[in-house]
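Q: Could you give me a close look at the surroundings of the ligand in this model, together with one residue whose burial can be reasoned through step by step?

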Amino acid sequence: MRDRVQTVIIGAGIVGASAVYHLSQLGVTDVLVIDQGPLFETGGSSSHAPGLVFQTNGSRTMCRLAQYTVELYRELEEIDGQPAWYGVGGIEVATTPERIQELKRRQGFARSYGLEGTALLTPEETAEAIPLLDPGAILGAYLVPTDGVANAVRAATALARRAESNGVDFEGGVTVTGFDIRDGRVRGVRTDRGSIECERVLVCAGIWGPRIGRMAGVPIPLAVVQHQLMWTHPLPQLAADAGREIVQPILRHQDLSMYFRQKGDRYAIGNYRHEPILFDPDDLRPYSDGEPMPSIEPFTPEHFVVAEQATEALLPSLAGTGDASTAINGMFSFTPDMGSVVGESAAVRGFWICEAVWVTHGGGMGRMIAEWMAEGEPSMDLAEADANRFYPFMTTPPYVRERGAQQYREVYDIIHPLQQMARPRNIKLSPFHARQGELGAEFFSAAGWERPQWYEANRVLTGGVWEERRGWAARNWDPAVGAEHLATRAAAGLFDITAFAKFDVTGPDSLSYLDRICANRIDRPVGAVVYTAMLTPSGGIRCDLTVTRKDDDRFRIVTGGGSGQHDLAWMRAQIGDRERVTITVRSGSLFALGLWGPRARDVLKAVTDVDVSNDGFPYLTARYLNVGEVDPVWAQRISYAGELGWELYGQIAMGQRAWDLLWEAGREQGLVAVGAGAFDSLRLEKGYRLWGQEIHTEHDPFEAGLGFAVRMDKGGFQGRAALERILERGHSHTLACMTLDDPAAVVMGKEPIWSGDEVVAYVTSAAYGYSVGRAIVYGYLPVDLATEGTAVEVEYFGERLAATVAPEPLWDPKGERLRA
Ligand code: FAD
């Protein structure tokens with residue numbers, strides 16, 4: 001075995017094989033792939049996955065990665081005369097009216113994300129495709145003709161052969177036992193067959209990931225969960241197909257958390273319909289010949305009872321045909337938010353991770369990590385898979401176990417976009433929590449914080465058409481949301497924004513550092529608030545935040561709670577070797593309140609001794625002030641609601657006092673407490689973009705309509721050269737605002753946008769604009785359609801709703817209210 005190599009990949013399952021193939025295609029060939037098991041049936045999850053690939057996904061990234069994966073597997077060479085891919089199509093059935101609706105929604109996702117050819121089927125059409133299925137047991141189905149089955153071992157073998165021919169080495173029977181890490185960098189890997197000096201490692205160790213991570217001090221938060229799979233005895237009805245791998249479409253019965261696939265004259269039955277059975281990764285057995293694979297535990301028949309009954313109902317001829325000798329509890333990974341864990345650790349440089357990836361996404365995710373390692377950034381936005389997105393509490397064993405188990409339970413559930421996790425809750429409480437409870441707050445969870453979505457106390461009905469909301473859109477919503485929105489526009493709202501992530505960037509080089517990584521000009525007078533993006537080298541928006549100059553070499557950065565860890569990791573990684581810059585996390589020590597609305601000044605004036613007039617405290621400036629005896633309070637005159645007002649930051653311990661004083665002062669001004677539901681609608685009316693939805697690394701600031709926050713003339717900054725090229729080339733698409741023509745209609749986001757008979761975009765953000773009396777959607781339209789008055793349609797549960805491109809922002813286009 002080699003003892004020196006640039007890159008060591010740990011794990012030769014489907015993910016390791018895909019990653020190394022793509023790395024070698026990008027010219028990175030000084031690579032050694034090691035696995036504790038034999039190549040390429042290593043004993044990991046890939047060795048026994050039945051390989052069903054259903055591409056439809058509510059996540060655009062995952063849906064597109066699955067599409068690429070299918071393309072890749074489809075063109076792989078045969079192994080021992082057998083292909084790695086069988087494109088037999090995929091069918092998801094519905095046995096409830098709610099699931100029928102969900103299938104329409106899923107077809108919408110497919111259309112939004114470019115997955116073509118999908119169809120809704122009648123029960124009879126479904127039974128034609130899968131003759132063993134009882135059409136009387138279902139109400140309908142959804143077909144994706146390009147879904148299918150991958151043989152993961154063959155796919156891994158074919159990918160590895162290609163990588164080998166590109167010059168990469170593989171070694172089976174080598175177990176990693178530790179790492180050599182010095183000065184925060186990986187320098188080598190220790191194995192049971194000696195040490196390997198290297199510059200970086202890539203962990204593709206599947207369910208062993210947490211164990212490997214711990215060897216390097218890097219948490220890899222995934223729960224290992226047992227999942228049941230059983231094959232039937234040969235079925236006489238399938239005798240004609242004996243010897244053929246698969247001819248019938250793969251099948252999912254999500255109402256009962258099950259899936260099925262044919263193989264020759266047998267069927268496989270996969271079962272999630274049982275209480276999650278967690279397994280401690282520390283208890284994983286070493287690979288040993290002749291024993292069951294280490295990723296397999298003994299079958300527990302008591303967990304299969306419901307599955308057996310459900311199988312009988314759906315596929316009657318499978319009744320009693322289960323072959324117990326084939327039944328396993330196989331193991332794979334479930335992360336706290338179900339996303340994969342991908343990227344370089346922010347804590348240990350050179351420690352790369354590609355974990356919690358299914359066979360379905362193995363091809364695509366392997367390509368992404370390879371691009372990231374070889375070229376510095378992946379070509380798709382991977383924020384939702386970012387290995388550094390987790391707050392420390394999210395990597396603790398109890399959290400990982402609880403969330404992993406819940407993800408297993410919900411794997412096929414119909415999940416509303418605003419559905420909240422039931423457990424664990426109350427992890428972070430803002431100092432306003434008690435007051436909010438008194439006002440009947442409906443709490444949602446945001447980055448661990450309990451954050452009001454609306455307050456029952458505000459449910460004042462006005463007879464607005466939007467109060468009639470019904471069905472899907474009315475879930476996790478309340479008319480109080482609209483009332484709070486309108487009260488903010490009319491008087492003032494008090495918003496708990498403590499969940500925002502806050503950082504202080506300090507040090508002699510902090511200004512030059514920030515000016516280098518931000519697209520806007522940071523070198524401004526002390527007290528200036530700057531809205532800016534941080535760009536990737538290719539000009540994509542990596543972070544979206546405000547930077548406020550507190551002193552010559554001291555800056556306050558505020559970003560969303562959901563992007564906090566992601567942005568922190570990015571900023572830390574940008575600090576040069578000799579740059580004297582320190583980033584201090586202030587998120588947990590500072591409360592944050594938004595005081596916004598035309599009466600905000602009157603409220604603040606009543607409790608502070610500082611001049612808050614327009615001259616004394618202009619828009620986009622910041623300074624310290626007092627709120628009664630709460631001092632210091634750092635106040636930034638900026639508003640995500642698009643109104644006059646301030647963000648107020650102070651010590652958590654004094655937060656309740658600040659709330660009480662503002663509340664008291666606001667009584668005469670019509671101040672209301674406002675939740676995050678109204679916040680989202682206010683921001684969309686004002687045209688403020690949301691990170692992760694409108695803006696991410698696949699979009700540059702110009703096409704996102706954020707050119708005003710880019711200073712091409714300020715000198716060099718990261719992404720500038722790419723922006724120059726982009727400006728020269730021009731854009732094919734641009735972010736556009738549309739309103740639904742029917743003032744009572746509402747959509748939720750991710751829906752396809754049609755122009756004539758073509759899907760031209762998808763909805764990046766949607767909310768009801770209570771002030772403009774219309775639902776608002778945003779999406780990247782082809783430039784020629786992005787003109788005011790163009791008629792388009794938004795598909796919602798299979799229906800097309802008329803919409804019109806509108807000028808933006810819809811609210812206060814000149815910004816007069818902000819500057820009032
Ligand atoms: P693995 O295939 O587990 O590879 C990890 C490798 O790391 C192993 O080979 C292991 O030996 C090696 N390794 C670990 N520790 C060390 C060490 N210390 N030193 C050296 N090597 C080490 N996905 C789908 O998309 N569709 C399905 O239908 C599907 N069905 C499934 C059914 C079952 C029963 C199971 C268990 C999983 C299923 N999955 C399915 C999930 C899928 O199988 C996995 O997500 C995927 O195979 C993970 O691939 P991997 O390469 O990350 O992990």
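A: A residue counts as buried when its relative accessible area is under 20%. In this predicted model, Gln226 is therefore buried, because its relative accessible area is 7%. Gln226 belongs to strand β14, which spans residues 223-231, and, leaving aside residues up to four places away in sequence, Gln226 touches His274, Ile277, Leu278, Phe279, Glu297, Asn329, Gly330, Met331 and Tyr408. Among these partners, Asn329, Gly330 and Met331 carry numbers that fall within β20 (328-334), an element that also has a part in the surroundings of the ligand.

Turning to the ligand itself, 32 residues lie around it, and of these Asp35, Thr42, Ser45, Ser46 and Thr360 come nearest. One oxygen atom of the ligand is 2.6 Å from an N or O atom in the side chain of Asp35, and for the side chain of Thr42 the corresponding distance from a ligand oxygen is 2.5 Å. With Gly51 the partner is a polar backbone atom, which is 3.4 Å from an oxygen atom of the ligand. Taken alone, the ligand has 1,000 Å² of accessible area, of which the protein covers 97%. The elements that contribute two or more residues to this shell are α1 (14-25), β20 (328-334) and α8 (359-375), and β20 gives the most, with 3 residues. Sorted by class, the shell comprises 17 nonpolar, 14 polar and 1 charged residues.

Definitions and conventions. Residues are numbered from 1 along each chain as its sequence is written. This is a predicted model: local features need pLDDT of at least 70, side-chain atom pairs count only at pLDDT 80 or more; totals for chains, interfaces and linings use all residues. Side-chain values use heavy atoms; hydrogens and water are left out. A residue is near a molecule or strand if one of its heavy atoms lies within 4 Å of it. A polar contact is a pair of N or O atoms within 3.5 Å; within protein, one must be able to donate a hydrogen and the other to accept it, and residues adjacent in sequence count only if both atoms are side-chain atoms. Accessible areas come from the Shrake-Rupley method with a 1.4 Å probe; for residues, only the protein chains shown count as cover. Helices (H or I, at least four residues) and strands (E, at least two) are DSSP runs, numbered from the N terminus. Ala, Val, Leu, Ile, Met, Phe, Trp, Tyr, Cys and Pro count as nonpolar, Asp, Glu, Lys and Arg as charged, and the others, Gly among them, as polar. Buried means under 20% relative accessible area, exposed over 50%, partly exposed in between (1.4 Å probe, protein chains only). Contact means heavy atoms within 4.5 Å.
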